[in-house]
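Colleague: Could you pick one part of this model and take me through it closely? I'd like to hear how you read the packing, and then whatever else you'd flag along the chain.

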Amino acid sequence: MQKQRIAGLDGLRALAAMAVFAVHYNQIVDVDVQFGEFDFYLLFVNGELGVALFFVLSGLLLSLPYWRTILFKQAWPKLSTFVKHRLARILPAYYLALTLIIVLTNYWVFPAAWPDILLHYSFLFNYAEFSFFSINPTFWTLAVEMQFYLVLPIFFVALRHQSFARAIGLLVILALVCYALHYMLVLAVDKNIPWPGSTILLWIKVNGAVVTQSLLAHLPHFIIGIVTGGVLLRTMANDTFEQDSSAGQKKSVFDVIFVLCLSTVVLLMGTELGERMQIPMGRYGLPVLPLILAILVYVTPFTHYAKWVLDSLVVRHLGKVSYGIYIYHFPILTFVDYKMSTYGWDARNDWAYLLIISSLLILIVANLSYYLVERPILGYAHKQQS
């Protein structure tokens, strides 16, 4: 089976980025609109589900070369190539954004800030409570993402000689084990632990982000994406799908499933049902919402209308520049809100101005990041491979 771009997934990445943007936009404007049981405030707050979608997409896409070795006996992916491409994708734009924030805010001039800064450059800041959300609250997911990159090849080394069905079964068991370990870890931390040499800075605190939003907490979402990738790849290997006379009818069914999944996600995000269905210590509506997201991702390439929308010029482009949108949207929102306040504007009353001005700035910066930093470096990394 030839390697190919999977239609519609760039568009889903754009939706994930916009959902996370909605979270931080709402933190400023405090949306308070409700229709019956459906609460737009809850919908915006639960836009953090976009992070879960990013994790599922990441697990799916990164696992595909490994699934090809299991399903089609292709060559085992080179670890050096995997590492090179992942570093090229994450590091340049992240380091640029991190450095700009540190320099423009003069954060570096404070000696007490240097442990925080060093932890951010080493992607270890999600292991210190004082550092977790300090410089840019969206960065913590990149630390978790980098740690996903470390464990993914290890997973597939263990699965390399297994059958497809057995590999899927072992991954499901692994997801359950990760959740159980996360649950026990959260319960085990029963006292605050100060950072070495400082009684003010906290390393770990009870029910703090270090334990509740750890790598373990999100491995189930990543593994759900890995499993979805294997199932999707196996389905796409069925060459008779497009040739089947009923293919159009099948695509209509997939469109219906897509709409049902998306509608269910929005309904659960905008009501208290989503939280009620979440298991104790689970993240992002685990297991129901991540599984619905996985189904949504799985059916997308087989749809007709949903794929047409997600692969449209504008939405697909937003997906391509979504990394820049993700890492720059919070500092830009904060900056625009501050500037508006200096001119006597209140973001809650002038929410439309905040939305328009910040969105334009975010799109400009994200496009500059993509065309001047991300794409050239990724292109160079791929050339080095060939």
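Modeller: Before the angles, a word on the lines they refer to: an axis here is a line fitted to C-alpha atoms, for a helix over the stretch in contact, and the angle between two axes runs from 0 to 180 degrees between N-to-C directions. Keep in mind that this is a predicted model. Two packed helices are described by the angle between their axes and the distance between the axes.

I'd pick helix H3, residues 49–72. Take its packing with helix H6, residues 140–159: the two axes come within 11 Å and cross at roughly 25°. Angles under 35 degrees count as roughly parallel, so H3 and H6 are roughly parallel to each other. The crossing of H3 over H6 is right-handed. On the H3 side the contact is built from Val 51, Phe 55, Ser 58, Leu 62, Ser 63, Tyr 66, Trp 67 and Ile 70. H6 answers with Thr 141, Val 144, Glu 145, Phe 148, Tyr 149, Leu 152, Pro 153, Phe 156 and Leu 159. Sorted by class, that contact has 13 nonpolar, three polar and one charged residues.

H3 also packs with helix H9, residues 215–236, at an angle of about 45° and with the axes 6 Å apart. That angle makes H3 oblique to H9. This crossing is right-handed, and its contact residues divide into 13 nonpolar, nine polar and two charged.

Now zoom in on one residue of H3, Ala 52. Is Ala 52 buried or exposed? Ala 52 is buried, with a relative accessible area of 0%; the cut-off for that label is under 20%. Setting aside neighbours within four places in sequence, Ala 52 touches His 221, Tyr 284 and Leu 293. There's a longer-range pairing to look at too: Ala 52 and Ala 294 are 242 residues apart along the chain, while their C-alpha atoms are separated by 9.8 Å.

Follow the chain out of H3 and you get to Lys 73, in the loop between H3 and helix H4 (79–104). The backbone does something worth a look there: phi of Lys 73 is near 55°, a positive value in a residue other than glycine. Lys 73 is exposed because its relative accessible area is 69% and the label needs over 50%. Asn 207 is another residue to check for this, with a phi near 55°, again positive and not in a glycine. You'll find Asn 207 in the loop between strand E4 (202–204) and helix H8 (209–212), and at 51% relative accessibility it counts as exposed.

Go back to H6 for a moment, and to the loop between helix H5 (114–121) and H6, where Pro 137 sits. Pro 137 counts as buried, at a relative accessible area of 19%. From Pro 137 to Ile 223 is 86 residues in sequence and 24 Å in space, C-alpha to C-alpha.

Another proline to click on is Pro 287, which is joined to Leu 286 by a cis peptide bond, with omega about 0°. Pro 287 is in the loop between helix H12 (273–276) and helix H13 (288–299).

For another helix pair, try helix H1 (residues 9–29) with helix H15 (residues 313–320): the angle is about 70° and the axes are 7 Å apart. H1 and H15 are therefore roughly perpendicular to each other, and H1 passes H15 in a left-handed crossing. H1 brings Asp 10, Gly 11, Arg 13, Ala 14 and Met 18 to the contact, and H15 brings Val 315, Arg 316, Leu 318, Gly 319 and Lys 320. The class split is four nonpolar, two polar and four charged residues.

Arg 13 turns up again around Ser 322: leaving aside neighbours within four places in sequence, Ser 322 is in contact with Arg 13 and Ala 17. Ser 322 belongs to helix H16, residues 322–342, and is buried at 2% relative accessible area.

Last, the cysteines. How many disulfides are there? The count is zero, taking a disulfide as a pair of cysteine sulfur atoms within 2.5 Å. Cys 178 is buried, with a relative accessible area of 5%, and Cys 261 counts as buried at 8%.

Key
Residues numbered from 1 in each chain as written. Predicted model: local features only at pLDDT ≥ 70, side-chain atom pairs only at ≥ 80, totals over all residues. Heavy atoms only, no water. Helix = DSSP H or I, 4+ residues; strand = E, 2+ residues; numbered from the N terminus. Buried < 20%, exposed > 50% of the residue type's maximum accessible area, 1.4 Å probe, protein only. Parallel < 35°, antiparallel > 145°, perpendicular 65-115°, else oblique. Left-handed = near helix turned anticlockwise from the far one by under 90°. Contact = heavy atoms within 4.5 Å. Nonpolar A, V, L, I, M, F, W, Y, C, P; charged D, E, K, R; others polar.
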